[in-house]
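Reader: I would like a close look at a single part of this structure, with enough of the whole chain to place it. Please take the sheet as the subject.

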Amino acid sequence: MIFSNIIINENQVFKCSGSGIYNSVSSPLYQNILFSDNNCTESGGGMFNYQSSPSLQNIVFKNNKAKDGGGITNQDNSAPTILNSLFVNNTATTDGGAIYNVANSSPTLVNITVVGNNNTDGGLFNEDTSNPSLYNSII
């Protein structure tokens, strides 16, 4: 499935994850999408991936908020590929201001910029054997 040229903004989700998009055991393609001002009380302010490997190209995650992964959370063997994307001014109250990888999740990040995200442990947080690959990126 392909999703392109979309604005996903001002969604509010309580007691759940992924206020913009929730991927579960799937691998869609997302192109030219803006995630802005989304807010959830759990993980993945903009996007939450559960056992999923979506491809994201030319994506902006801006001003999203969550407990973990203000911009995006990758959980339980998720392995998204994120190309030519920007994470700016996202906030997490616990882990990963921009990106939170947990439970053996290993995204591939190519030409991404992570700037101005708010959290005590930085823009990118990895735990439970998560191991992202970064290429030509600014964090």
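How many helices and how many strands does the secondary structure of the protein chain come to? And in what order do the strands of the open sheet follow one another?

Author: The model is a predicted one. Its protein chain has zero helices and 15 strands. Six strands make up the open sheet, and their order is β1-β4-β7-β10-β13-β15. The pairing in this sheet is parallel. In general, strands of a sheet are joined through backbone hydrogen bonds, in either a parallel or an antiparallel sense.

At the edges of the open sheet lie β1, residues 2-9, and β15, residues 133-135. Each of these two strands pairs on one side only. From one strand to the next, the twist averages 20°.

Now to the edge at β1. Its partner is β4, which covers residues 29-36, and the two pair in the parallel sense over seven bridges. Within this pairing, Ile 7 stands opposite Leu 34 of β4.

As for the chain around the sheet, the C-alpha trace spans about 30 × 25 × 25 Å along its principal axes. The protein chain has 139 residues, of which 47% count as buried. Taking contacts between residues at least 6 apart in sequence, 83% join residues at least 24 apart.

The accessible surface of the protein chain is about 6,100 Å², and carbon and sulfur atoms account for 47% of that surface. The chain carries 4 positive and 9 negative charges, and the mean positions of the two sets are 9 Å apart.

Definitions and conventions:
Residues are numbered from 1 along each chain as its sequence is written. This is a predicted model: local features need pLDDT of at least 70, side-chain atom pairs count only at pLDDT 80 or more; totals for chains, interfaces and linings use all residues. Side-chain values use heavy atoms; hydrogens and water are left out. Two strands pair if DSSP finds at least two bridges between them. Helices (H or I, at least four residues) and strands (E, at least two) are DSSP runs, numbered from the N terminus. Axes are lines fitted to C-alpha atoms, for helices over the stretch in contact, and angles run from 0 to 180 degrees between N-to-C directions. Buried means under 20% relative accessible area, exposed over 50%, partly exposed in between (1.4 Å probe, protein chains only). Contact means heavy atoms within 4.5 Å. Accessible areas come from the Shrake-Rupley method with a 1.4 Å probe; for residues, only the protein chains shown count as cover. Lys and Arg count as positive and Asp and Glu as negative; His and the chain ends are not counted. The place of a charge is taken as NZ of Lys, CZ of Arg, CG of Asp or CD of Glu.
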